Structure formats: structure tokens, C-alpha cells
Amino acid sequence: METIKETINNVKVAWSCPSNIAIVKYWGKKAQQIPCNSSLSLTLSKAKTTVEIELIKKKSDEKKSNEEIQLSYFFEDKINDKFKQRIIQFLQENISYFPYLKEYALVIHSFNSFPHSAGIASSASAFGAISVALLDITYTLGEKEKDALFYQLASHLARLGSGSASRSLYAGFALWGNNENIPNSSENYAVEINDIHPVFQEMKDAIIIVDDEPKKVSSSKGHALMNEHPYAQNRFKQANNRTSELISILKTGDINGFIRLCESEALTLHAMMMTSNDYYLLMKSNTIEIIHQIWSFREETQIPVCFTLDAGPNIHVLYPKDYQNQVENFIINHLQKISLNVLFDEEGNGPIKLK
Ligand code: PMV
């Protein structure tokens, strides 16, 4: 009997996967992208990567090189050799999950929904989308049902591509790392946090782009600087405690507790950068200006709005959906003037299969 692989010549799939914003930050890692502390994020909706993947059967005379990964990678219709090398390395290290790559050459077209220079970390959505799409092909060729373990395995693979990508495979809030209160939590993959109070459901996130220049210090370098960091052990302990605290805040609806924890996490992440050896600073003057404006607005209106930061100068403004009009008017009238762009995003549902 012919195997399914022999009967199919060309296979095509397309998936989209959103980015996510960490509330408790992952900063510091061991080998194989194992995090030094647990982290908890909100999956976004509009900021996402779409990948179209095509498998083309290698010709028989190419079979002699069938150990070799054959990849054509296009980002926004242009060849991107830097990211291609990163994907090849990822595929080589994880070939056991994608055995068909011995027989098939791979063509990947990747598109981001957000502007190229928006300063949004795209590796989380990119590795989320690539992992889920390639695993979908593994399941389809092996005639395997997609169950809950499918997303867990996709999250595991995404983590090996880019740590924070592990959290993009789920809707809403996702935890990556061990937590004694969450069964099945793991440092190998993320899990969804389900017990969420209505105040945190359909949470809004406006991304204020302050600067769109490439970062002077990459996240990989920043993680590495945590290895010799004088405050590292206390920081890892603090983040693990905060993950537990945040799980309880999300359950009880303690919005003021959320605001305090969320802003302190952002400032602590940047404090780690400022106290690394070598030290560095990614915030810009308008980052600080916007933080002060958010604090004044909150004090004057008592509206529960807060900020967080990624490893960069741009600000994520987080607010419950019930305050959408007031906060968005404030952003448009005050923050937009001192920023390059604003992307109004919100909680999202995780990856979607397009074809
Ligand atoms: O996934 P990486 O290696 O790009 O690290 C991301 C780290 C932060 O975005 C700063 C925090 C986080 O948990 O996403």
C-alpha cells in the first residue's frame, strides 16, 4: 500500500498567529530556551503574523541530499536571509517533529499585520505561526486528530524558536513556566489561564510607537546579561511570586492590584537592563513623558488604565473594555501627538487556520 506521503505531491497550509504582551516578564534563560522564571501574558488580536507554507516534493535526483533542509523564505514577498537562517537552524534542531522535510522542500511566505517598522517584536507571532503550521502538516500527513495536545506541542516548538512565542498559541491569558497552582504548567510550553474575572475579559491594549529604530541591544543579549546579573536570583524569585499573585488577581478582578503589578513589572524589566554589566537604556524621553501622562490621567479620572513595556521604548496602554471611549479619546488627544503611530489592539483568540 502506498503511504499518504507518496500520494501527495504538493501540500499547502496557511495559519495566522498573534503576538502577545507579557504582564509578568520573561527575562533570563537557560539552554534550550528554558526560562529562569515563569511569565504570564495577554495574547493580542490584530498584531499577528500570517504564514503560507507550501511543500514541494524533492525530485528523486535531489534525494541524495534529503537530510538537508531546503527552504525558500519570503517576508512580505522579499527574500530575508537573516530570518531564513534562524528558521533553518530551528528546523534542523527539531527535524524529528517534521520528518517530511526529508522528502519535501519548503516554501514559506510570511506577512505581518503591523507595519514593518512598528517596533513590535515579531518573532513571537512568526515562530508561533511557523510552528503551528508545520505541526499541522505533520498531523495531516500522519492522519492524526488535532486534540488539545496539538497546541501544547505547537507551544513547545514555538518556545524553541523564540521563548515568548510559546504564549501566543492560546487565547487570552497564557502562563509559561511552572506554577504549583496551575496543573499541567511547564517550562517547556505555555498553558491557557481560564479563570478570568469579567473586568479582565476582552482587555484593550493600545500600542504607542515612540520609536521604530532597530534596538541597539537585542533581547538575546539582554537575556544573556542576566547570567551574571547581581540581582538575578531575587528577580527570578520575584517574577515567580508575581505570577502566582497575578493568577489570583485575574480570578478575583482586583484591578488596582493588576495596575500595580503590571507597571512595576515593566519598570523592573528596564531596571534589570539599566543594572546589567554592560548597562543600557532602551526607554526614550517620550516613553517617560507618556508614562507621566498616563499617571496624571489616572489620578484625575480614577479610570483604571496602566502601561507596560516590552524590551524597547514603545508603550502598551492596557484598559478594561468598559473604559474604551474615555481612554481612546485621551490617547488620541494627548499621546498620539508625541508618538509615531498608535495601534489599537485587544485580547485575541490565538492562532487561526486559514486554509
Ligand atoms: O522571546 P524573546 O527571547 O524575544 O524575549 C522576550 C522578552 C520580553 O518581551 C522582554 C518579555 C516577555 O516575557 O515577552
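**View 1. The largest nonpolar core of this predicted model holds 46 residues.** Six of its members touch the most others in the core: Ile 53, Leu 91, Tyr 100, Leu 106, Leu 134 and Ile 137. At least two core residues come from each of these elements: strands β1 (10-24), β2 (39-57), β3 (71-75), β5 (104-112) and β6 (173-176), and helices α2 (81-93), α3 (123-141) and α4 (148-161). Helix α3 gives the largest share, with twelve residues.

**View 2. Here we zoom in on Ile 53 and the residues it touches.** Leaving aside residues up to four places away in sequence, Ile 53 touches Val 11, Lys 12 and Val 13, then Leu 106, Val 107 and Ile 108, and also Ile 130, Ala 133, Leu 134 and Ile 137. Another core, of 32 residues, lies apart from the largest one; among its members are Leu 42, Phe 114, Leu 261 and Cys 306.

**View 3. The ligand sits among 13 surrounding residues.** Tyr 26, Ser 164, Arg 167, His 223 and Asp 310 are the closest of them. By type, this shell splits into five nonpolar, five polar and three charged residues.

**View 4. For a look at polar contacts, follow the ligand oxygen atoms to Tyr 26, Ser 164 and Arg 167.** Tyr 26 contributes a backbone N or O atom, 2.9 Å from a ligand oxygen. From Ser 164 comes a polar side-chain atom at 2.6 Å from an oxygen atom of the ligand. In Arg 167, a side-chain N or O atom is 2.7 Å from a ligand oxygen. The ligand taken alone exposes 380 Å², and the protein buries 90% of that area.

Note on methods
Residues are numbered from 1 along each chain as its sequence is written. This is a predicted model: local features need pLDDT of at least 70, side-chain atom pairs count only at pLDDT 80 or more; totals for chains, interfaces and linings use all residues. Side-chain values use heavy atoms; hydrogens and water are left out. A nonpolar core is a set of buried Ala, Val, Leu, Ile, Met, Phe, Trp, Tyr and Cys residues joined through side-chain atoms within 4.5 Å. Buried means under 20% relative accessible area, exposed over 50%, partly exposed in between (1.4 Å probe, protein chains only). Helices (H or I, at least four residues) and strands (E, at least two) are DSSP runs, numbered from the N terminus. Contact means heavy atoms within 4.5 Å. A residue is near a molecule or strand if one of its heavy atoms lies within 4 Å of it. A polar contact is a pair of N or O atoms within 3.5 Å; within protein, one must be able to donate a hydrogen and the other to accept it, and residues adjacent in sequence count only if both atoms are side-chain atoms. Accessible areas come from the Shrake-Rupley method with a 1.4 Å probe; for residues, only the protein chains shown count as cover. Ala, Val, Leu, Ile, Met, Phe, Trp, Tyr, Cys and Pro count as nonpolar, Asp, Glu, Lys and Arg as charged, and the others, Gly among them, as polar.
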